[in-house]
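Here is a short report on one structure. Keep the sequence and the 3D view open as you read.

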Amino acid sequence: MDKCLICGREIKVALDLKWLFSLQPFKEPVICHNCEKNFKAISDKQTCPGCGRLQDDQLPCKDCQRWSKMGEAALLGNRALYVYNEAMKSYMQRYKFNGDYQWRLIFQDKFSQFVTKSYCKNVLYVLIPVDQITYKTRGFNQVSGLLQNVKVSNLLAFKTTKAHIKQSTKTRQARMETAQPFKYCGKKRLTGQKVILIDDIYTTGRTLYHAKHVLQQNGASQVRSLTLAR
Amino acid sequence: MELNELYGRLLLDTEVPADLKKELIKNSRPALIQHENYIECQRCLSKTLKNKARLPNGAYYCPKCILLGRVASNNKLYHLPEKNLFSSLECSPLVWQGKLSLFQQQCSDQLRKAVDRSGEYLMWAVTGAGKTEMLFPTLEKVLLQRKRVCLASPRVDVCNELYPRICTAFTAIDPVLLHGHSKKSYHYSQLTICTTHQLLRFLGAFDLLIIDEVDAFPFTNNEMLKQAARRALKPNGTLIFLTATPTQELLGKIERHQLAASYLPLRFHRHLLPVPQVWFCGRWQDKMYCQKLPVKLKSELNRWIDEGFPFLVFVSRLELLAPVLRVLEANLPAKAKGDSVFSADPKRINKVQEMRDHKLNYLVTTTILERGVTFPSLNVMVLGADEKTFSTTALVQIAGRAGRSQKRPNGDVIFVCTDQVKNVRKAVKQIRELNKKGKRLLNG
Ligand SMILES: [Zn+2]
Ligand SMILES: [Zn+2]
Ligand SMILES: [Zn+2]
């Protein structure tokens, strides 16, 4: 029996009838039920149509209204799988900042399914890249670690390799004023192409809107996004 | 960073400033070694299969000790040999004015002799025997010999409780306290107090390493931490284990004469351990589910409140904390104030302090308060002592929370069970046996 990646206790797997009849290949869970409970899934209930946060109504939230006011003709229509709560925060700390690559397995299946489920014809999946220095020290791109069997197009790159400040270390104000960090690195122009951006967290939306602008300037007709957490 | 901060340490390059790294390049070694199918971390000495340690950029990392900062293939470890460069003490650093009891003194003398030899030694003393004070003469001796000492424990609470006591007893020494939640920074000190995980950052540093609560999680059954302890010690150093509830492994070693031990079956106040009362109360859970408290429990708790003694109520699972607290609040007189506390509780330290200050009459808790934390004049109730979470050791430790003060050397300990199980029986038997030995000692 395997041990839970989060709490280290042994995982008890109850093989239920639903599984027996589903004829699905059996996948060993990597975290226990108790730890899993701490992550709050965002079901299709009431979410903000702009950023996908859980809220009491289905109108654009204050943050998204601000994006509209700042001149965004179309919001990102972000959809997120989980609420960014304490459990998710410590998950990100361990996976991304401590660099525990194994922890990708905690959400890999669910997130990959979430992404492929939202697939529609002629859409390109584009990941938010990590900069060179971070990639070198971390050794992986945290977004692509969360995906398996999802075909992605590498269309975005960081403009320069000079030390850029990590988003997570900035204040909200500083983040909103961040200059465009990305450049287009696709081979051809995107003629009327629909694109879905994929990132780990939607925090202010700043990074994702920057990415959206670059893709639109290079011909994308519609850019939406999916994240693990909001 | 001072050069002496590397004496006896094993630090990752991310923990060493750039200028020092340049200077010490000869003193560095690869942090990770690759074998055919697995990698071997040089900090924690664990082996991990390559497919579980591979990063997309082609490097490998060690998942086992990642909480101390990630070790990857491109990292190096830095180490300088321990030089014992401590200023020599003119007079004894021990300013403690207390006095050991006759039995404590005997145990303490044995310990003092044990540090003349290298190897392992066990001090088995019942809960509330006054282990820390018994260590003082030994610490005084080795500090005067300019030896480097470490007091380690698997439990953060134990470290946090030890640190101020050691500081007041040894004012001439400036001990360093190390654990994952400590904000204090490292300094080169003759006396280190740390969690057993922090030992992974030491190599051949200590002449004497004392591990308190050696049978506690996560040290027990953890090969990585055991190796770390041996490596933190100098090759000819002395390793002393302290425990009130030795593991089978340690007991076996004593029996086979592989481990020398001294033994104190009496508490410092020379009273026997409170023997738990086992109450069978088949439907306590159903009753509680209906917001009611079984009559027997209710009258006992009321008696405790009337007599003015604080108490702990242990439950087997985190999820039970809130409902049990609600039932108690609904059924006990309003003047009795209670709260619940669990290991990751951000207000844990506050709540424990409120209990000490008599602002709270009781705490509902999981097994986290089973060790280290001491309240005088305490009574204890374990709800569902027959649940698997309560091992024999845990039950002995829990019972040991009661009767810790001279003023009230006895306390009530009640194990509420649905079934007769081995853990409960064994715990009660162990306490009775300790008391038998204690009695023999008392009667000379
Ligand atoms: Zn778990
Ligand atoms: Zn929104
Ligand atoms: Zn390691």
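## A salt bridge in chain A

In this predicted model, Lys110(A) and Glu36(A) pair through their side chains in a salt bridge, with N to O at 3.0 Å. The two partners sit in distant parts of the chain. Lys110(A) belongs to helix α5 (residues 108-117) of chain A, and Glu36(A) belongs to helix α2 (residues 33-36) of chain A. Along the sequence they are 74 residues apart.

How accessible is Lys110(A)? Its relative accessibility is 37%, so Lys110(A) counts as partly exposed. Glu36(A) is partly exposed too, with a relative accessible area of 33%.

Why can such pairs form? Side chains of opposite charge can pair when their charged atoms come close.

## Salt bridges in chain B

Now turn to chain B. Glu15(B) forms a salt bridge with Arg201(B). Their closest N and O atoms are 2.7 Å apart. Glu15(B) lies in the loop between β1 (11-12) and α1 (18-23) of chain B. Arg201(B) lies in the loop between β10 (191-195) and β11 (206-211) of chain B. The pair therefore ties together parts that are 186 residues apart in sequence.

Is Arg201(B) buried or exposed? Arg201(B) has a relative accessible area of 14%, which is under the 20% limit, so Arg201(B) is buried. Glu15(B), at 23% relative accessibility, counts as partly exposed.

A second pair in chain B is Glu133(B) and Arg165(B). Their side chains meet in a salt bridge at 2.8 Å, N to O. This pair also links distant parts of the chain. Glu133(B) is in helix α4 (residues 131-144) of chain B, and Arg165(B) is in helix α5 (residues 156-169) of chain B. They are 32 residues apart. Arg165(B) is partly exposed, at 32% relative accessibility.

## Network and total

Salt bridges can also share partners. In chain A, one network built this way joins Arg53(A), Asp63(A), Arg66(A) and Arg230(A). How many salt bridges are there over all chains? The structure holds 27.

## The zinc ion of chain A

Which residues coordinate the zinc ion (ligand 1)? They are Cys4(A), Cys7(A), Cys32(A) and Cys35(A). Each uses its SG atom, at 2.3 Å. Along the chain, these donors follow the spacing C-x2-C-x24-C-x2-C.

Look at the angles next. The four donor atoms around the zinc ion (ligand 1) subtend 104 to 117°. That range makes the arrangement tetrahedral, because all angles must lie between 85 and 135 degrees.

Two of these donors can be compared by accessibility. Cys4(A) counts as buried, at 3% relative accessibility, whereas Cys7(A) counts as partly exposed, at 29%.

## The zinc ion of chain B

The zinc ion (ligand 3) has protein donors in chain B. They are the SG atoms of Cys41(B), Cys44(B), Cys62(B) and Cys65(B). The distances run from 2.3 to 2.4 Å. The spacing of the donor residues in sequence is C-x2-C-x17-C-x2-C.

Two of these donors, Cys44(B) and Cys62(B), link distant parts of the chain. Cys44(B) is in the loop between β4 (38-41) and β5 (47-49) of chain B. Cys62(B) is in the loop between α2 (50-53) and β6 (76-78) of chain B. They are 18 residues apart. Cys44(B) is buried, at 1% relative accessible area, and Cys62(B) is buried, at 0%.

What is the arrangement around the zinc ion (ligand 3)? Its four donor atoms subtend angles of 104 to 115°, which makes the arrangement tetrahedral.

## Cysteines without a disulfide

A disulfide is a covalent bond between the sulfur atoms of two cysteines. How many disulfides are there over all chains? The count comes to zero.

Cys194(B) is in no disulfide. Its nearest cysteine sulfur belongs to Cys150(B), 3.7 Å away. The cut-off is 2.5 Å. Cys194(B) is buried, with a relative accessible area of 0%.

## Around Gln142(A)

Gln142(A) sits in helix α7 (residues 142-145) of chain A. At 6% relative accessibility, Gln142(A) counts as buried. Leaving out residues up to four places away in sequence, Gln142(A) touches Tyr95(A), Lys96(A), Val130(A) and Asp200(A).

The side chain of Gln142(A) also makes a polar contact of 2.6 Å with that of Arg138(A). Arg224(A) is 82 residues from Gln142(A) along the chain. The C-alpha atoms of these two residues are separated by 20 Å.

Terms used:
Residues are numbered from 1 along each chain as its sequence is written. Chains are lettered from A and ligands numbered from 1 in the order in which they are written. This is a predicted model: local features need pLDDT of at least 70, side-chain atom pairs count only at pLDDT 80 or more; totals for chains, interfaces and linings use all residues. Side-chain values use heavy atoms; hydrogens and water are left out. Donors are N, O and S atoms within 2.8 Å of the metal (3.2 Å for Na, K and Ca); water is not among the atoms, so sites may look incomplete. Four donors count as tetrahedral if all angles lie between 85 and 135 degrees; four count as square planar and six as octahedral if opposite donors are over 155 degrees apart and all others between 65 and 115; anything else is irregular. Helices (H or I, at least four residues) and strands (E, at least two) are DSSP runs, numbered from the N terminus. Buried means under 20% relative accessible area, exposed over 50%, partly exposed in between (1.4 Å probe, protein chains only). Contact means heavy atoms within 4.5 Å. A polar contact is a pair of N or O atoms within 3.5 Å; within protein, one must be able to donate a hydrogen and the other to accept it, and residues adjacent in sequence count only if both atoms are side-chain atoms. A salt bridge is a side-chain nitrogen of Lys or Arg within 4 Å of a carboxyl oxygen of Asp or Glu.
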